[in-house]
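These exercises go through one protein model, with a worked solution after each task. Look at the structure first, then try each task before reading on.

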Amino acid sequence: MAQSSEPAYIDIVRRKQAQLESGIPAEWRLPAHLVPGGMLSLADSITNAKQYQRANVMDIPRNSGLLTPKELEITENFDIRRLLSQMAEGRSSAEEVVRGFSKRAAIAHQVTRCLTEPLFESALQRGKALDEHLQRTGKPVGPLHGLPVSVKDCFRVKGVDASIGLTALAFKPSTLNAPLVNLLLSLGAVIIAKTNVSQAMGAPDSCNHLFGRTLNPLNRKLTAGGSSGGEGALIAMRGAMVGFGTDFGGSIRVPAMCNNIYGFKPSAGRIPFGGLESGRLPGQDRISMQAVAGPLARSVADLGAVMKEIVPRAALFSGDCIPSRWERESPLLPEIRSKEFTVGVLRTDGLVTPLPPIARVMDEVAESLRRAPGVQVVEVPTPPALKKCQGLAGRLMGVDGGGTTLDILDSTMEPLIPWLERRMTRREALSLEQLAQLQHQRTVVEQELLAMWTIDGDYTNRIDAIIAPLAPHPVPEIDRYNSIGYTSSFVLLDYPAGTIPVRHVRESDLESGRDMNSPILGSWDRVNRELWDEKTVDRRVYLDSPLSVQVVTPKQHDHELFLAMEIIDRAVRTYQEAMG
């Protein structure tokens, strides 16, 4: 009997897609005329990205007719604190809240491919059990009682896969929950779905052969970001109240930027990270660069609402967390600190020059802060040590030479996705001496960059937070994301960092700085300018796409990051209202 020449991964994809399809209830399926073109072909979503037309699908859940008026109210009209009050006071049941968000998540998936594991049936059962507990005891299960939550596919949930887009890891359900999952459940949250990632979480575009490509709900020609792109798309479409991603090179902040939402990358040790599937050597993060877990949400307040409950309890659930409080850290030398909140403006990393729309939005945010009462704004010159961070981060990300991931791919003859195909090759793993040398260089850079948090080198005159670009370009087209140095550098340094949406790209942004005449700084900078050069891109693709800024605070100053994001977000909204 002749053997099939078909690669093994193809049959796995067929079976996994059938399983995923069966997880969407028939009564929650969209009518065909509401499903945009290109959604039916999984292979084309990966290899034929140019098929996608510019389309915004954000209104499809509201216009689909699948959500009742009460479900629309539940999913659209509340922030986290108000929704929790609705359930605690009995005005909405946990079961109907979970049903509304599960239904909306199912709709979001049908137009973006954002889900990997729908958990709707178990979520509804949990919602019902939470209601029974509240009715029986008069008390909620925990401070997040009934809150609909989604998690990135890498977080293990007992009974379902954590395949991270690798066919070889499909149909191998987890036997235990990740510590973060257990913590969320203890708080009363309801996990309604797991979300899509890039292949092995290795790219800034969420695309893999097992689940296809997650599409940006704001503009299907642009990337949804990665590797937590499924979370970005789902939260943007209100398919959950908060989602949890991971960040190794920017994988929380980049999808937040691409989908016009807020993201929070904490310092290591604040949120449980263990118990994940990474497709890498177990323990590799401990010798290379420490990835972290963090939330994506639709407001700073919602980020704070979940961080407040998670951070003080994290060390009880995970050995990789430190005992912490969610409140302002003791300020350094309080008797000589300025009463004003000081924000530094870091305009470039010195390696890749931001394109004109990015430079322009940085100017606007700086001006909004200058107008805010009680805020001092200072310019931060690019420290020479910052230029070393991107290269260091890149080398530490690949300490194993990529062999572990490539071996997993080879086991089912699965090819690399387009973005990785041009960048990932098998190399020798670093020796102990090479790794020690890199970590020494990292230590030197960390020490040198302490001066970045001072004004004119005066250690008694401190900068509270820094605003910087998230990327040197606007949200790019699919598979054209260029430099992750603006985000990976702060993982290397273990600085907490967050994403704040500012506004959308306007016609006038496409005209500003039509020609970039400054010297090209290197290969990354050259590729970045191709995203602005009218010979290589139609700039109008960026029109109406979101522009965001990154907020950064010193290591372990996570609550200060939250406070800084509140101040900066408020200043930005006030400035925009004043400008009309």
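**Exercise 1. Place D302 in the fold and describe its surroundings.**

Step 1. D302 lies in helix α12, residues 300–310; helices (H or I, at least four residues) and strands (E, at least two) are DSSP runs, numbered from the N terminus.

The model is predicted, so local features need pLDDT of at least 70 and side-chain atom pairs count only at pLDDT 80 or more, while totals for chains, interfaces and linings use all residues. Residues are numbered from 1 along each chain as its sequence is written, and side-chain values use heavy atoms, with hydrogens and water left out.

Step 2. D302 has 4% relative accessibility and counts as buried. Buried means under 20% relative accessible area, exposed over 50%, and partly exposed in between (1.4 Å probe, protein chains only).

Step 3. Leaving aside neighbours within four places in sequence, D302 is in contact with D79, I80, M241 and A297, where contact means heavy atoms within 4.5 Å.

Step 4. R81 is 221 residues from D302 along the chain, yet their C-alpha atoms are separated by 7.7 Å.

**Exercise 2. Give the strand order of the open sheet and find its edges.**

Step 1. The eleven strands run in the order β1-β3-β2-β6-β8-β7-β14-β15-β13-β9-β10, with mixed pairing. Two strands pair if DSSP finds at least two bridges between them.

Step 2. The edges are β1 (115–118) and β10 (375–379); each has a single partner strand, so one side of each has no neighbour in the sheet. From one strand to the next the twist averages 25 degrees. Axes are lines fitted to C-alpha atoms, for helices over the stretch in contact, and angles run from 0 to 180 degrees between N-to-C directions.

Step 3. Take β3 and its partners. β1 and β3 run antiparallel and are joined by three bridges, with L115 opposite T195 of β3. Strand β2 (residues 148–152) pairs with β3 in the parallel sense over five bridges, and P148 stands opposite V190.

Step 4. Six of the six residues of β3 are buried, so this strand is largely enclosed by the rest of the structure. Helix α7 (residues 120–137) lies across β1 and β3, at about 165 degrees to β3.

**Exercise 3. Which residues of helix α21 are buried, and where do they lie around its axis?**

Step 1. In α21 (residues 523–530), D525, N528 and R529 are buried.

Step 2. Seen down the axis, the buried residues of α21 fall within an arc of 95 degrees, so they line one face of the helix. The arc is that of the directions from the helix axis to the C-beta atoms.

Step 3. The general rule is that an α-helix has 3.6 residues a turn, so residues three or four places apart point the same way.

**Exercise 4. How many disulfides does the model contain, and why?**

Step 1. A disulfide is a pair of cysteine sulfur atoms within 2.5 Å. By this rule the count is zero.

Step 2. The closest cysteine sulfur to that of C154 is in C321, 15 Å away and too far for a bond. For C207 the closest is in C258, at 14 Å, also too far.

Step 3. Both cysteines tested count as buried: C154 has 0% relative accessibility, and C207 has 1%.
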